[in-house]
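This report looks at selected parts of one protein model. Have the sequence and the 3D view open while reading.

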Amino acid sequence: VHVVDMRNESVLQGGPTVCSGDLRTAIQDRLDRQEQVMLLLNRRGYATSLICPKCGQVEECHHCSVSMTYHRKRNELACHICGDLRKVPNCCPNSACRTPHFKFAGLGTEKIEGMLHGMFPRAVIRRMDSDTMTRKGSYEKVLGEFRTGKIDILVGTQMIAKGLHFPNVTVVGVLCADIVLFMPDFRAGERVFRLLCQVAGRTGRGPLGGQVIVQTFSPNHYAVAAASAQDYSEFYRK
């Protein structure tokens, strides 16, 4: 398990980045060797919020008062708490502003999938989250294709983190452990520890061995450090 400090990576690459140099190199190396990769980002959708750059208005759910997530393929906003759907507005809903321009902030699995196609154009990439697994049999179909080697990179939310056994998966990348770590939940540390331990078990399940690359802005957080070392006792003590 290798932890990448994304604070240093931002300095090295001249700004915020989604994929560190270590992870990109590891993915390309595995693709060259015809091995497989799994990437975890525990947030679906394209962008996590829709913001007006002029007045700062954020589109929120009328029921839950949380920012709505933008889904590009459907071109709509969705609340991931209550499931409310809304069309993307043509202009800022603030009556004092009404600017027609919006800024999409944050990222989800839908956006990551598109970025990966640009980074690795020859790779076969599939996304597995609750937005893509809507039809009957779609879950089994994607896993079947991945098992037979028809898919090179599988990117998804926590549904890919446990219960899967693919000996040809030799790299697992956690794109942003901080998404879970700083949720407004006093169990956030427990959740990130569990998720990292579970997803780490998806690689190294065959004779080829495996590597886990965890990208985080908080490499010294006890949950990240303990999960990376698979040190359950230290986690419980903290």
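The sections below cover a serine, a strand and two cavities in a predicted model.

## Ser-10 in helix α1

Helix α1 spans residues 6–12, and Ser-10 is part of it. The relative accessible area of Ser-10 is 17%. Buried means under 20%, so Ser-10 counts as buried.

The side chain of Ser-10 reaches a backbone oxygen, that of Met-6, at a distance of 2.9 Å. When neighbours within four places in sequence are left aside, the contacts of Ser-10 are Gly-15, Pro-16 and Phe-217.

## Strand β2 and its partners

Strand β2 covers residues 36–40, and 5 of its 5 residues are buried, so the strand is largely enclosed by the rest of the structure. In a regular strand, side chains alternate between the two faces of the sheet. In β2, one side carries Gln-36, Met-38 and Leu-40, while the other carries Val-37 and Leu-39. These residues are all buried, and both faces of β2 are covered.

Strand β2 pairs with two strands, β10 and β9. With β10 (residues 169–174), β2 runs parallel and is joined by 5 bridges; here Leu-40 stands opposite Val-174. With β9 (residues 153–156), the pairing is also parallel and has 4 bridges. Within β9, Val-155 is the bridge partner of Leu-39.

## The largest cavity

Rolling a probe the size of a water molecule over the atoms shows where empty space is left. The structure holds 4 cavities of 30 Å³ or more, and the largest has about 50 Å³ of space.

Leu-40 and Val-174, which stand opposite each other in the β2 and β10 pair, are both among the residues that line this cavity. Other lining residues include Leu-41, Asn-42, Cys-176 and Val-192. Helix α6 (residues 188–200) gives the largest share of the lining, 3 residues. By class, the lining has 9 nonpolar residues, 1 polar residue and no charged residues.

## The second largest cavity

The second largest cavity holds about 40 Å³ of space. Its lining includes Val-1, Val-174, Leu-196, Val-212 and Ser-228. Two or more lining residues come from each of α6, β11 (211–216) and α7 (222–228). The largest share, 4 residues, is from α6. The lining divides into 9 nonpolar and 2 polar residues, with no charged ones.

Which residues also appear in the lining of the largest cavity? Val-174 and Leu-196 are among the residues that line both cavities.

How values were computed:
Residues are numbered from 1 along each chain as its sequence is written. This is a predicted model: local features need pLDDT of at least 70, side-chain atom pairs count only at pLDDT 80 or more; totals for chains, interfaces and linings use all residues. Side-chain values use heavy atoms; hydrogens and water are left out. Buried means under 20% relative accessible area, exposed over 50%, partly exposed in between (1.4 Å probe, protein chains only). A polar contact is a pair of N or O atoms within 3.5 Å; within protein, one must be able to donate a hydrogen and the other to accept it, and residues adjacent in sequence count only if both atoms are side-chain atoms. Contact means heavy atoms within 4.5 Å. Two strands pair if DSSP finds at least two bridges between them. On a 1 Å grid over the protein atoms alone, a cavity is a set of points where a 1.4 Å probe fits but cannot get out, and a pocket is an open set with protein on both sides within 12 Å along at least five of seven lines; lining residues have an atom within 4 Å of a point. Grid points are joined across faces, edges and corners, and a volume is the space filled by probe spheres set on the points. Ala, Val, Leu, Ile, Met, Phe, Trp, Tyr, Cys and Pro count as nonpolar, Asp, Glu, Lys and Arg as charged, and the others, Gly among them, as polar.
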